[in-house]
Amino acid sequence: MGKVIVVTSGKGGVGKTTSTAALGAALARNGDKVVVVDFDVGLRNLDLVMGAERRVVYDLVNVIQGEAKLTQALIRDKRLETLYLLPASQTRDKDNLTAEGVETVIGALRHAFDWVICDSPAGIERGATLAMRHADVAIVVTNPEVSSVRDSDRIIGLLDSKTLKAENGERMEKHLLLTRYDPVRAERGDMLKVDDVLEILSIPLLGIIPESMDVLRASNVGSPVTLADEKSAPALAYFDAARRLQGEMLPITVPGERRGSFFGKFFGRKAA
Ligand SMILES: Nc1ncnc2c1ncn2[C@@H]1O[C@H](COP(=O)(O)OP(=O)(O)OP(=O)(O)O)[C@@H](O)[C@H]1O
Ligand SMILES: [Mg+2]
């Protein structure tokens, strides 16, 4: 049985779709069978970031409404044979997603894949709660700015109350992915520092992704950054985050600081 991950955020435009594609590709590159699922009905941008927009025939809504089989809607990545996309509909609205339909689709995907990564719409609307409902693990994508951190706090509250895990009295595994981190702006005080964010949102840190033009370049050529430019700083940060998802304990690097400095800062001092 695979793991179901929801990639979520309170505020929009923080990097959920970018992160879903990058982590999905990173996990699939290691041979794991991965499906990335677009829950953002209406906007449909995961297919663009994956470079599969011209290959979309059926989508999540078609499957839920019985107009297509799951196997007809799944698109296999052209670069990695263990990576698949389940696209969202461009034209229909969010009301076409039913709770029962989502449950059936996620259940089927969980059986067929090692990782089911759901790209959620932002906020606390129905689409977002449906995307998180069946998750085992949540990745809360946050930018180092006050409004994003505050909205993430709300989402953490939802994860702890509106998910199946929460309703069954189980603990929802939550990870913080800090994206678009710019060390120069953090140093100037224009952005929150990592410690400030962690103090407010007390969930474990999965990684810190630097602000980088490489992300835009990758998205322009329709490729997850972990495939477009695997040596770039954001790709390396996403590869590390993927390994942490797989259970590895890796030191976290704050962009602009020495590799491993984050652990050094928090644990090294005690040892010294
Ligand atoms: N690390 C990064 N460096 C630079 N730009 C980034 C980075 N991460 C994301 N972006 C850019 O930020 C914008 C928003 O990213 P993305 O679409 O992934 O966010 P989102 O959270 O999915 O947005 P929405 O809430 O609208 O679904 C995109 O233009 C993307 O290229
Ligand atoms: Mg998105």
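Student: Helices are DSSP runs of H or I with at least four residues, and strands are E runs of at least two, both numbered from the N terminus. Where does D151 lie?

Tutor: D151 lies in helix α7. Some conventions come before the details. This is a predicted model, in which local features need pLDDT of at least 70 and side-chain atom pairs count only at pLDDT 80 or more, while totals for chains, interfaces and linings use all residues. Residues are numbered from 1 along each chain as its sequence is written, chains are lettered from A and ligands numbered from 1 in the order in which they are written, and side-chain values use heavy atoms, with hydrogens and water left out.

Student: Is D151 buried or exposed?

Tutor: D151 counts as buried, at 17% relative accessibility. Buried stands for under 20% relative accessible area, exposed for over 50%, and partly exposed for what falls in between (1.4 Å probe, protein chains only).

Student: And what does D151 touch?

Tutor: Residues up to four places away in sequence aside, D151 touches G10 and K11. A contact requires heavy atoms within 4.5 Å.

Student: Stepping back, how many helices and strands does the protein have?

Tutor: There are 14 helices and 8 strands in the protein. Its radius of gyration, taken over C-alpha atoms, is 18 Å, close to the 19 Å that the globule rule gives for 272 residues, so the protein is as compact as a globular protein of that length. The globule rule is 2.2 Å times the number of residues to the power 0.38. The C-alpha trace spans about 60 × 40 × 30 Å along the principal axes.

Student: What percentage of the residues is buried?

Tutor: Of the 272 residues in the protein, 56% are buried. In addition, 73% of the contacts between residues at least 6 apart in sequence join residues at least 24 apart.

Student: Which residue makes a good example of a buried strand position?

Tutor: I139 serves well, as a member of strand β6 with a relative accessible area of 0%. Its C-alpha atom is 6.1 Å from that of V6, although 133 residues separate the two along the chain. Beyond its neighbours within four places in sequence, I139 has contacts that include I5, V6, V7, H175 and L245.

Student: What comes after β6?

Tutor: A loop runs between β6 (137-142) and α7 (146-159), and N143 lies in it. N143 is buried, with a relative accessible area of 8%.

Student: Which backbone oxygen does the N143 side chain reach?

Tutor: The side chain of N143 reaches the backbone oxygen of V14 at 3.0 Å. Such a polar contact is a pair of N or O atoms within 3.5 Å; within protein, one must be able to donate a hydrogen and the other to accept it, and residues adjacent in sequence count only if both atoms are side-chain atoms. Contacts of N143 outside four places in sequence include G13, S148, L178 and R180.

Student: What is notable about the backbone of R180?

Tutor: R180 has a positive phi of about 60° although it is not a glycine. R180 lies in strand β7 (residues 173-181) and is partly exposed, with a relative accessible area of 40%.

Student: Changing topic, what happens at the start of α11?

Tutor: There, a side-chain oxygen of S212 comes to within 2.9 Å of the backbone nitrogen of D214; the helix covers residues 213-220. Just after α11, G222 takes a positive phi of about 65°. S223 lies in the loop between α11 and α12 (225-228) and is buried, with a relative accessible area of 6%. The contacts of S223, apart from neighbours within four places in sequence, are V49, R79, A218 and A228.

Student: And where is E230 found?

Tutor: E230 is found in the loop between α12 and α13 (233-245). E230 is partly exposed, with a relative accessible area of 35%.

Student: Which side chain makes a polar contact with that of E230?

Tutor: The partner is R29, at 3.2 Å. By contrast with that pairing, the C-alpha atoms of E230 and G169 are separated by 40 Å, with their positions 61 residues apart along the chain.
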